[in-house]
Amino acid sequence: AGGETHAGALAGHHVVITAGPTREAIDPVRYLSNHSSGKMGFALASAARDMGARVTLIAGPVTLATPEGITRINVICAVEMLEAVNAALPDCDIFIGCAAVADYRLADIAEHKLKKVPGSAALTLNLIENPDIIASVTDRECPPFTVGFAAETRELARHAHDKLVRKRLDLIVANDVAAPGLGFGADDNAAVLYHLEPDQPEVPVTSHTLSPRAKQDLASAILVYMLP
Ligand code: CTP
Ligand code: CA
């Protein structure tokens, strides 16, 4: 219902959304990744389109169908996702970082399949930090309205506030992935939204609580807080 009442509210706006996991290669047959399904980011893309926006969806490897009427750019790893974001940013009005970007990648990707060393009890992989995509967006001279996501298993408010400040976000959507039936892979989700009072950035965050509902309905409800 939220989307219908705001039909056309994003007309003339370009919304760029990252979604899904990233996949960081270890060797030609293996990778590091996470449980992100991409459902929330894809739901946001459809909801933004329904509000009249032009939508660019930059998606990590997920099995979801492309929502009609949006531009989808497929990427695999965090560095590729950053390049796709940079290419989409120049005329972007709203940036939504919904992707679960891998925090680290392999320092060196093996050219050939790694072989098990018989009798070796442990294997060490050397990881280096990936670029923080959303922080690079807000670092630009004229940043778009920037929205982050925080999936946490504890201390939701503290971590959300920390990310809001550290990444200079306009809004953060936090969810408790430890809640049964919600979050990663599920069809339903709940969220708490935080922002800072512009004139008093040190003051505790203001929050809106969105009760559990289908991700598509949650996406429409979240977008209402991004309307210009
Ligand atoms: N994000 C990003 N690039 C990264 C890591 C995160 O753009 N390399 C974005 C996510 O898309 C999300 C927000 O930052 O919108 C928060 O992601 P999260 O993983 O919770 O933040 P981190 O700073 O990586 O903190 P943590 O140690 O909890 O993983
Ligand atoms: Ca992270």
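**Core, sheet and ligand shell of the predicted model**

Beyond its neighbours within four places in sequence, Leu44 is in contact with Ile17, Ile96, Cys98, Ala219 and Leu223. The model is a predicted one. Leu44 also belongs, with Ile17 and Ala48, to the residues that have the most contacts inside the largest nonpolar core, a set of 58 residues. The element that gives the most to this core is helix 2 (residues 39-50), which contributes seven residues. In soluble globular proteins, nonpolar side chains tend to be buried together.

An open sheet is formed by eight strands in the order 5-4-1-6-9-10-11-12, and its pairing is mixed. Strand 5 (71-74) and strand 12 (206-214) each have a single partner strand and stand at the edges, so one side of each is left without a neighbour in the sheet. From one strand to the next, the twist averages 15 degrees. Helix 3 (residues 78-88) lies across strand 1, strand 4 (54-59) and strand 5. Relative to strand 4, helix 3 runs at about 165 degrees.

Within the sheet, strand 6 (residues 94-97) pairs with strand 1 (residues 14-19) in the parallel sense, over four bridges. In this pairing, Ile94 of strand 6 stands opposite Val15, and Gly97 is the bridge partner of Thr18. Strand 6 also pairs with strand 9 in the parallel sense, again over four bridges; here Gly97 stands opposite Gly148 of strand 9. In a regular strand the side chains alternate between the two faces of the sheet. Both faces of strand 6 are covered, with Ile94 and Ile96 buried on one side and Phe95 and Gly97 buried on the other. Of these residues, Ile96 is one of the contacts of Leu44.

Gly97 and Gly148, which face each other across strands 6 and 9, are also among the closest residues to ligand 1, together with Val101, Ile133 and Ile134. The ligand is surrounded by 15 residues. Strand 9 (145-152) and helix 4 (133-138) each supply at least two residues of this shell, and the largest share, three residues, comes from strand 9. By character, the shell around ligand 1 comprises seven nonpolar, four polar and four charged residues. Gly97 is thus placed in several settings: Gly97 is buried on one face of strand 6, is the bridge partner of Thr18, stands opposite Gly148 and is one of the closest residues to ligand 1.

Methods:
Residues numbered from 1 in each chain as written. Chains lettered and ligands numbered in written order. Predicted model: local features only at pLDDT ≥ 70, side-chain atom pairs only at ≥ 80, totals over all residues. Core = buried A, V, L, I, M, F, W, Y, C linked by C-beta atoms within 7 Å. Buried ≥ 20, exposed ≤ 12 C-beta atoms within 10 Å, placed from the backbone. Contact = placed C-beta atoms within 7 Å. Pairing = 2+ DSSP bridges. Axes fitted to C-alpha atoms, helices over the stretch in contact; angles between N-to-C directions. Near = placed C-beta within 6 Å. Nonpolar A, V, L, I, M, F, W, Y, C, P; charged D, E, K, R; others polar.
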